[in-house]
Structure formats: C-alpha cells, structure tokens
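Q: Please give me a close look at one part of this model, the inside of the protein and the elements around it. I am new to this structure, so please explain the terms as you go.

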Amino acid sequence: MAALMPAVCDKVEILALVEEALAWDLDGSVLPVADVALDMAERFSPYGRIVAEDLRAQCLTIPADSDARVGVQATLSEAARRLNLKPLARAVGRRSAAQRAQNLARLVQALLRATGDVVALTATVKEGRR
C-alpha cells in the first residue's frame, strides 16, 4: 500500500522550499525546470491560504487603530490576491514559472513574519494588562 502524502506541506518543508526558490538567480542562465517551479508554487498556495486564515483570526486580537494591524491587513490583502491566482499552464517558460514560485515564496515569508509579529504583539499587550 502506498504511503499517503499530506495535502499541505508542513512548515519545515515549506521553509526549505522557500529557501530553495529564493536562491534561484532569475537573471542567470541556469533556471529551474518549469515543472519544478510550478510544483513549488502549487505547494506554496494552499499553505499560504492556511497561514493567511490563521493570521486573519489572530488579527482580531490587535486594536483596530494599531499600526501593526494596518500592516497585517496589507499583507492579508496581498495574500488574498496572489494566493488565488489561476495556476500557470504547464507549457509556460522557465523564467515565468520561477518568478511565480519566488513571488509566492516571498508572500509565504511575509505571512509567517506577520504571524510572528502578531503573536509577539498580543503577548506584549497581555503582559501590559497584568
């Protein structure tokens, strides 16, 4: 019986893929195979949607007039736009596929960074109430 593969990668796997995608030199002559880049993009999107949903829920704990909330809302807005783009056709060129993967990798990084910021801010606010 074949092992079941999880529908969404875990954070460690995603971070490794993010690092790999961001290491590509899109101005160089050696680009990843389009299918490899597109497969990465297809992994980043569902993971990013999950992180964005969690972040959206955590954002409710931040005061509405907070600068931090404005930044998180901007990240979430960009995530809503980019994580739901139609997948590129498999016949797309290497550069386009790599650009899509890198853009989504950067977005996943931004979502994870914003999540960390919200968690830290929430902890600071709770400490201030004690």
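A: A residue is called buried when its relative accessible area is under 20%, exposed when it is over 50%, and partly exposed in between (1.4 Å probe, protein chains only). By that measure Thr-75 is buried, because its relative accessible area is 18%. This is a predicted model, in which local features need pLDDT of at least 70 and side-chain atom pairs count only at pLDDT 80 or more, whereas totals for chains, interfaces and linings use all residues. Residues are numbered from 1 along each chain as its sequence is written, and side-chain values use heavy atoms, with hydrogens and water left out.

Thr-75 lies in helix H3, where helices (H or I, at least four residues) and strands (E, at least two) are DSSP runs numbered from the N terminus. The protein has four helices and zero strands, and from the N terminus its elements follow the order α-α-α-α. Of its 130 residues, 37% are buried.

Setting aside residues up to four places away in sequence, Thr-75 touches Leu-107, Ala-110 and Leu-111, contact meaning heavy atoms within 4.5 Å. Leu-111, for its part, is in contact with Thr-75 and also with Gly-48, Val-51, Ala-52, Leu-55, Leu-76, Ala-79 and Leu-83, once its neighbours within four places in sequence are left out.

Leu-111 also leads to the largest nonpolar core, which has 35 residues, and in which Trp-24, Phe-44 and Leu-111 have the most contacts. Such a core is a set of buried Ala, Val, Leu, Ile, Met, Phe, Trp, Tyr and Cys residues joined through side-chain atoms within 4.5 Å. Helix H1 (11-22), helix H2 (34-59), helix H3 (67-82) and helix H4 (94-129) are the elements that each give two or more residues to this core.

Phe-44 belongs as well to the contact of H1 with H2, in which Lys-11, Glu-13, Ile-14, Leu-17, Val-18, Glu-20 and Ala-21 in H1 meet Met-40, Arg-43, Phe-44 and Tyr-47 in H2.

Away from Thr-75, Gln-99 lies in helix H4 and counts as partly exposed, because its relative accessibility is 36%. The C-alpha atoms of Gln-99 and Ala-41 are separated by 9.6 Å, although these residues are 58 apart along the chain. Across the protein, among contacts between residues at least 6 apart in sequence, 80% join residues at least 24 apart.
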